[in-house]
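Good morning, colleagues. Please take a moment to look at the model on the screen before I begin.

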Amino acid sequence: MMMSPTCCFQSLFFTLLIVVQNRLTNGEAVISVCGTEEMCVTEKLCIDSDDSGRGLIGIRIARICGIGLVCCDREQLESWNATLTKSVGTTQRNSQTVNTTTTTEEPSGYESCGLNMECVPRKLCQDNVINDDGHFIVNPRIGETPCRRALDRCCAIDQQDAILKAPANESSYLSALGSFKYQGCGWSNPKGLIPDQDNYEYATDVSLFAEFPWMVALITGRNQYVCGGTLIHPQLVLTSAHNIKNHTVHTLVARAGEWDLNSLDEPHEHQARRIKQIIPHEEFDPEAFFNDIALVVLDEPVEIKPHIQPLCLPPPETPALLADLRKGQCYATGWGSRLPGSDRNERLLKRIDLPVVSRAECQAQLRVTRLGRRFRLRPSFICAGGIEGKDTCKGDGGSPLFCTLPGQSDRYQLAGIVSWGIECAKEDVPAVYANVPFLRTWIDEKVKSLGLKIDGP
């Protein structure tokens with residue numbers, strides 16, 4: 001008895017779901033149940049007498065259930081099923097016109113990205129010509145089909161063969177690792193640390209590997225992304241209190257040197273550390289998000305490397321410091337969603353250039369939003385952004401906002417921690433961050449109580 005095509009497609013769809021679920025169970029991917037706190041609910045109106053925005057502000061936390069995964073509804077799954085069914089049907093029709101031959105060659109282990117094309121590490125996709133200083137000559141023969149791994153390139157198979165037969169030369173990146181000397185906090189790697197540079201152009205809002213070496217990913221023990229953080233000492237990470245309020249030292253792991261959340265193939269591997277202690281601010285308000293800061297103490301210090309280095313802390317808040325921040329080049333980084341209204345996290349670390357906004361200007365701009373004309377911006381907040389199309393968004397919570405030190409172009413100090421916002425990437429609506437200069441005294445007290453010392457710039 002023959003099965004109908006529709007039945008076959010449905011069977012394939014549910015078989016794939018079972019395979020995915022099995023892989024998630026076996027630890028190959030990650031999943032979590034979308035809790036009550038992650039469900040979309042109708043927002044409550046602000047109590048007339050409340051000027052804090054309590055109940056109306058949107059925290060920068062995404063409803064995610066794993067790396068690259070979100071809580072999906074049935075309609076989305078059915079839509080994907082329809083797309084899969086159409087794709088399978090097209091493949092079956094196309095296969096009737098393709099001549100196939102039997103081969104006994106061993107599989108290469110690389111992902112196919114076209115006819116005689118495979119996704120391979122970029123160093124394998126270059127001409128058999130090597131400079132005297134060890135740099136490979138870049139070859140433009142790179143396919144347009146994207147590869148799942150950020151550092152892989154779609155390359156002609158015959159091109160790989162030529163490189164594999166070429167004499168081995170040490171990468172300039174590996175040479176740099178051997179000669180690395182730590183120069184102090186806050187130094188970025190403005191050109192990144194991509195080995196054997198091939199002039200690949202990333203999107204302008206994507207950071208290069210290790211460009212900002214203080215970025216930390218806080219994840220669960222099951223490898224589920226929770227939020228971002230900032231390395232300020234080999235054993236200390238700053239993050240937002242609201243992102244980790246429901247976590248303990250037993251449920252979190254800090255990962256330094258991270259860049260691509262979906263890959264373990266970065267040029268130099270990350271360092272994971274268990275958590276020894278979580279210290280949230282004693283006066284953190286979980287509804288209004290005042291003092292939205294927490295100090296995470298690692299059980300062992302990370303080893304300082306070119307791609308893992310702490311960020312400088314700013315001095316306590318003064319008018320002169322705030323003026324320096326507004327004049328500096330500032331960036332926010334994170335793995336949150338790129339588009340407003342999206343819950344899908346980015347796999348590669350984002351880089352968003354944003355201006356710091358004065359307290360008076362920020363309060364005035366937020367008062368014309370749903371917060372109302374009586375909204376008062378508390379001193380534990382600092383604002384940045386308000387530019388159309390540029391902003392931190394859902395999933396960026398806990399990540400840093402940092403600005404150049406006065407008179408320096410590639411050295412930075414921490415200005416804020418992603419906390420909350422009304423809209424993402426909307427003109428004249430800045431995002432709100434925990435004010436690190438204002439909270440510097442609290443940080444110093446906690447660090448001193450731990451018997452540690454933070455080096456300054």
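Helix α8, residues 440-449, lies across four strands, namely β8 (225-233), β9 (236-239), β11 and β12. The helix runs at about 25 degrees to β12. I should say at once that this is a predicted model.

What do these strands belong to? Six strands close into a barrel, in the order β7-β8-β9-β12-β11-β10, and the pairing is antiparallel. From one strand to the next, the twist averages 40 degrees. Within the barrel, let us consider one pair. Strand β11, residues 271-280, is joined to β12 by five bridges in the antiparallel sense. There, Q277 has V297 of β12 as its bridge partner.

I turn next to the interior. In general, nonpolar side chains in soluble globular proteins tend to be buried together. Here the largest nonpolar core has 59 residues, and those touching the most other members are L238, L366, W420 and I443. Which strand gives the most to this core? That is β12, residues 294-298, with five residues. Apart from this core lies another, of 16 residues, including I194, F209, A210 and L348.

Finally, I come to strand β17, residues 400-404. Is this strand mostly covered or mostly uncovered? Five of its five residues are buried, and it is thus mostly covered. Strand β17 has two antiparallel partners to mention. With β13, residues 330-334, it pairs over three bridges, and Y331 stands opposite F402 of β17. With β18, residues 412-421, β17 shares five bridges, and T404 stands opposite Y412 of β18. Thank you for your attention.

Methods. Residues numbered from 1 in each chain as written. Predicted model: local features only at pLDDT ≥ 70, side-chain atom pairs only at ≥ 80, totals over all residues. Heavy atoms only, no water. Buried < 20%, exposed > 50% of the residue type's maximum accessible area, 1.4 Å probe, protein only. Pairing = 2+ DSSP bridges. Core = buried A, V, L, I, M, F, W, Y, C linked by side-chain atoms within 4.5 Å. Axes fitted to C-alpha atoms, helices over the stretch in contact; angles between N-to-C directions. Contact = heavy atoms within 4.5 Å.
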